[in-house]
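Colleague: I am new to this structure and should like to learn how to read its features. Where should one begin?

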Amino acid sequence: MVVNTDICGIKVGDQYPAHVMGVINVSPESFYKGSISSPESALEIARKMVDDGAAFLDLGARSTWLFAEHISRKEELERLLPVLEALEGNVDAVISVDTMFSEIAEEALKRGADVINDVSGFTADPRMIEVVADHGCPAVVMASNKIPGDPLGMDSIIEALDSIIQAAEAGGVVPESLILDPAIGRWTEEKLPKYDFETLDDFERLKIFEKPLLAALSRKSFIGDVLGKPASERLYGSLAAAAIAVYKGAHIIRTHDVPETSDVIKLSGALRSRTSVVKEGRYEVSVLEVKTPQDAGIAMRNIGATRVGSQVMQGKSIHIMLKIRNLTTTEALIIKQEMLARGGDAALARDAVSHETETTDVLVMGTLLQFGRLARKLEGQARSLPVIAEMIRECISNRTNLEYRYLR
């Protein structure tokens with residue numbers, strides 16, 4: 001699960017500092033008016049961003065803001081080309097172009113663009129995969145199903161990204177060239193701030209794809225929802241979110257505020273723990289941390305396991321520990337015996353083992369599959385064990401809804 005790749009000459013990965021992608025908008029309808037540039041000022045702005053620490057520059061000629069006025073592809077291209085012409089060969093940065101349309105991407109790549117940033121994740125224009133594959137260029141793909149950013153919650157984001165990766169690879173895109181964006185922001189009416197909070201909180205789950213991760217959260221609405229401030233006053237909130245994203249595994253932060261973000265992510269990156277990896281000759285051993293069966297299934301498919309096989313094994317992949325309080329000694333001993341019979345275990349007070357106490361707390365350890373089998377067995381027992389069985393199910397399902405099916 002260690003990311004170590006090269007994007008147009010820039011080392012990106014877990015062992016390197018996170019990078020800044022500066023945003024240059026030539027779209028007057030963008031949600032943050034402070035980010036809007038004119039073609040005439042774009043080169044000066046770009047050079048300053050590079051001086052302030054940006055390794056990537058993302059050019060956008062069409063606002064993807066939910067409430068922005070729509071423009072034609074022709075107008076998008078007419079806005080974009082003068083900026084690309086001004087920047088080509090004049091800035092020391094990787095140039096990304098933010099577009100959903102293949103003909104614009106193709107023209108941009110001919111005019112000096114290095115990376116395509118498709119917020120539709122190749123879903124708006126099926127030919128985009130062909131263009132990226134033919135040019136062999138890196139591409140940022142944002143989690144999307146039918147429209148940009150429509151997945152709700154991290155489970156849906158991971159499903160969408162998994163589908164996008166499979167479609168891209170089937171279309172000839174080099175797997176190592178993809179950069180993943182989990183679609184933070186108000187992309188649809190249904191996407192409330194709570195979904196962005198969940199995405200940021202669970203950001204490390206995206207490591208399961210073993211690809212560079214980009215977080216585009218600068219001045220977005222979920223920050224305004226907490227602070228009660230317009231986009232122009234969300235700098236500090238953006239910096240806090242960027243620090244969390246890098247700490248949880250982001251490799252690139254897309255931002256309107258380059259110098260401030262550069263400082264913040266340097267510190268956050270220094271605090272971030274590193275994945276344990278041991279190499280010896282052709283062998284490598286690394287710690288694989290997964291939080292849900294869904295993520296484990298993706299990890300299995302990544303090494304070539306079949307989808308059916310990974311589904312069978314998913315319930316065995318997540319090991320958890322539950323603390324059950326105030327059981328009678330008899331109930332505790334039954335739970336330990338039943339868990340041992342299923343390959344798990346349980347720890348309880350020494351006095352409970354010798355029946356010198358009437359009640360005890362118990363720590364129960366096992367996989368989801370083992371807990372499911374335990375719960376089914378406890379349903380048929382006496383005392384309060386059927387109640388405990390349902391409490392076990394509820395407690396685990398609160399952790400993630402996907403796990404609930406393993407408990408029935």
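Modeller: Let us begin with a single residue and its surroundings, bearing in mind that this is a predicted model. Setting aside neighbours within four places in sequence, L217 is in contact with I184, L200, F222, I223, S238, A241, A242, A245 and R254.

Colleague: Which residues touch the most other members of the largest nonpolar core?

Modeller: L217 is one of them, together with L57, L84, L87, F122, L206 and F209; this core holds 74 residues. Helix α5, residues 154-170, gives the most to it, with eight residues. Apart from this core lies another, of 23 residues, including L322, L348, L374 and I392.

Colleague: How should one read the largest pocket, and which residues are the closest to its centre?

Modeller: One may consider the space first, and then the lining. The largest pocket encloses about 480 Å³ of space. Its lining comprises 28 residues, and F31, T64, W65, W187 and K220 are the closest to the centre. By character, the lining divides into ten nonpolar, eleven polar and seven charged residues.

Colleague: What does the secondary structure of the protein come to?

Modeller: The protein has 15 helices and 15 strands. Its C-alpha trace spans about 85 × 50 × 40 Å along the principal axes.

Colleague: What percentage of the residues count as buried?

Modeller: Of the 408 residues, 52% count as buried; the cut-off is under 20% relative accessible area. The accessible surface of the protein comes to about 18800 Å², and 51% of that surface belongs to carbon and sulfur atoms.

Colleague: How are contacts distributed along the sequence?

Modeller: Among contacts between residues at least 6 apart in sequence, 65% join residues at least 24 apart.

Technical notes:
Residues numbered from 1 in each chain as written. Predicted model: local features only at pLDDT ≥ 70, side-chain atom pairs only at ≥ 80, totals over all residues. Heavy atoms only, no water. Core = buried A, V, L, I, M, F, W, Y, C linked by side-chain atoms within 4.5 Å. Buried < 20%, exposed > 50% of the residue type's maximum accessible area, 1.4 Å probe, protein only. Helix = DSSP H or I, 4+ residues; strand = E, 2+ residues; numbered from the N terminus. Contact = heavy atoms within 4.5 Å. 1 Å grid on protein atoms, 1.4 Å probe; cavity = no way out; pocket = protein on both sides within 12 Å on 5 of 7 lines; lining within 4 Å. Points joined across faces, edges and corners; volume = space filled by probe spheres on them. Nonpolar A, V, L, I, M, F, W, Y, C, P; charged D, E, K, R; others polar. Areas by Shrake-Rupley, 256 points an atom, 1.4 Å probe, with all protein chains shown as cover.
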